[in-house]
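Colleague: I am new to this structure and would like to go through it slowly. Could you show it to me, and then let me ask how each description is reached?

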Amino acid sequence: MQISIFCIITPLILNAIEFPLEFNGRGFLGKYLNSDTTRYNMDASIQLRSTIARLNNFSFYMEYRDDLDMAEQKGGVSLDPRYAHYYFTGGFEFWFLKFFSHLAFIHDCVHDIDYEVEGTPVFNRISLLFANADYHPSIAIGTEKKLLWALNMKLYPHWRYHGWDVNAGADYQYEAGFDLAYKIISSEHFGAIGNINFTICKGDTTYYHQDFLKTMVFYTNMRQRIGAELKYNVYNNDPIKNPGGLWLLSAFVEF
């Protein structure tokens, strides 16, 4: 009897699963406005996200992100990266009422370029996010909603794998973040957004901050947008990257 029920239910579930292969992405190139550019000169990033499968209000997605950190080098070289930070994410999303949440696993690592440094920081974290539905990247570009927000919690488990700590980098334990975006200007093709982001991470002996304010102006066709953003790092004491007190002017494209 149990086998018969399984044989009936399984085809129904498989028939209900959709494979939308919806893609969203973002890329930007930014220049720090500080006078001393030997540590932080330019940033660049590419991010690609895809919804792989969907079953009613549940979906599975994957995401890749690549950040390049550039400092001014000998001879005035500006676009030669010194550090590359890679992120690989896989997770599940659940939509309910006017909200969505995700439970995701993130693997990321920081690599030095052009010279070898032992002890490359590697991180594995579990992320739990809760946000209004319009915050989702598949909706945010075209939404008419003015206020978007998200709460995020991340856990950095210090499990041992063959004698190796799966978070063999900075002494991160867990973190909490709050992201708030408000559409200052909203028209058919032009817009402006003010953004506040506060993130605090518990370390072994102290707390790390990554807090910033950002203003974006852009042209949009409701599916893609291109524009410029000005970001001020209010306070940052993160051991991996800490451009606290610096301004970053960037050009970006989103879809």
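Colleague: Where in the chain is aspartate 238 found?

Modeller: Aspartate 238 sits in the loop between strand S13 (225–236) and strand S14 (247–254). Strands are DSSP runs of E with at least two residues, helices are runs of H or I with at least four residues, and both are numbered from the N terminus. This is a predicted model, in which local features need pLDDT of at least 70 and side-chain atom pairs count only at pLDDT 80 or more, while totals for chains, interfaces and linings use all residues. Residues are numbered from 1 along each chain as its sequence is written, and side-chain values use heavy atoms, with hydrogens and water left out.

Colleague: Why is aspartate 238 called buried?

Modeller: A residue is buried under 20% relative accessible area, exposed over 50% and partly exposed in between, with a 1.4 Å probe and protein chains only. Aspartate 238 has 4% relative accessibility, so the residue counts as buried.

Colleague: What does aspartate 238 make contact with, leaving aside its neighbours within four places in sequence?

Modeller: Its contacts, meaning heavy atoms within 4.5 Å, are with Tyr172, Tyr208, His209 and Gln210. The side chain of aspartate 238 also makes a polar contact of 3.2 Å with the side chain of glutamine 210, and the same side chain reaches the backbone nitrogen of isoleucine 240 at 2.9 Å. A polar contact is a pair of N or O atoms within 3.5 Å; within protein, one must be able to donate a hydrogen and the other to accept it, and residues adjacent in sequence count only if both atoms are side-chain atoms.

Colleague: How far apart in space are aspartate 238 and glycine 227?

Modeller: Their C-alpha atoms are 28 Å apart in space, although the two residues are 11 residues apart in sequence.

Colleague: Why is aspartate 171 called buried?

Modeller: Aspartate 171 has a relative accessible area of 18%, and therefore it is buried. Aspartate 171 lies in the loop between strand S9 (164–165) and strand S10 (172–186), and, not counting residues up to four places away in sequence, it touches Lys202, Gly203, Asp204, Thr205 and Tyr208.

Colleague: What makes a polar contact with the side chain of aspartate 171?

Modeller: The side chain of tyrosine 208 does, at 2.7 Å. In addition, a polar atom of the side chain of aspartate 171 lies 3.0 Å from the backbone nitrogen of aspartate 204.

Colleague: How do you know whether histidine 85 is buried or exposed?

Modeller: Its relative accessible area is 13%, so histidine 85 is buried. Histidine 85 belongs to strand S4 (residues 83–96), and its side chain makes polar contacts with the side chains of tyrosine 87, at 3.2 Å, and of aspartate 108, at 2.7 Å. Beyond its neighbours within four places in sequence, histidine 85 is in contact with residues including Arg65, Asp66 and Cys109.

Colleague: How many aromatic pairs are there?

Modeller: Rings of Phe, Tyr and Trp (its six-membered ring) pair if their centres lie within 6.5 Å, planes under 30 degrees apart counting as stacked, over 60 as edge-to-face and the rest as tilted. By this rule there are 16 aromatic pairs.

Colleague: Why is the pair of phenylalanine 60 and phenylalanine 92 called tilted?

Modeller: The ring centres of phenylalanine 60 and phenylalanine 92 are 5.3 Å apart and the planes stand at 50°, so the pair is tilted. Phenylalanine 60 lies in strand S3 (residues 58–70) and phenylalanine 92 in strand S4, so the pair ties together parts that are 32 residues apart in sequence. At 27% relative accessibility phenylalanine 60 counts as partly exposed, whereas phenylalanine 92, with a relative accessible area of 53%, is exposed.

Colleague: What is the angle between the planes of phenylalanine 130 and tryptophan 149?

Modeller: The angle is 55°, with 5.6 Å centre to centre, and this aromatic pair is tilted. Phenylalanine 130 in strand S6 (residues 122–132) and tryptophan 149 in strand S7 (residues 147–155) are 19 residues apart, and the pair links distant parts of the chain. Both residues are in one aromatic cluster with Phe58, Phe94, Phe96 and Phe99.

Colleague: How many helices and strands does the chain have?

Modeller: The chain has 1 helix and 14 strands, and buried residues make up 40% of its 255 residues.
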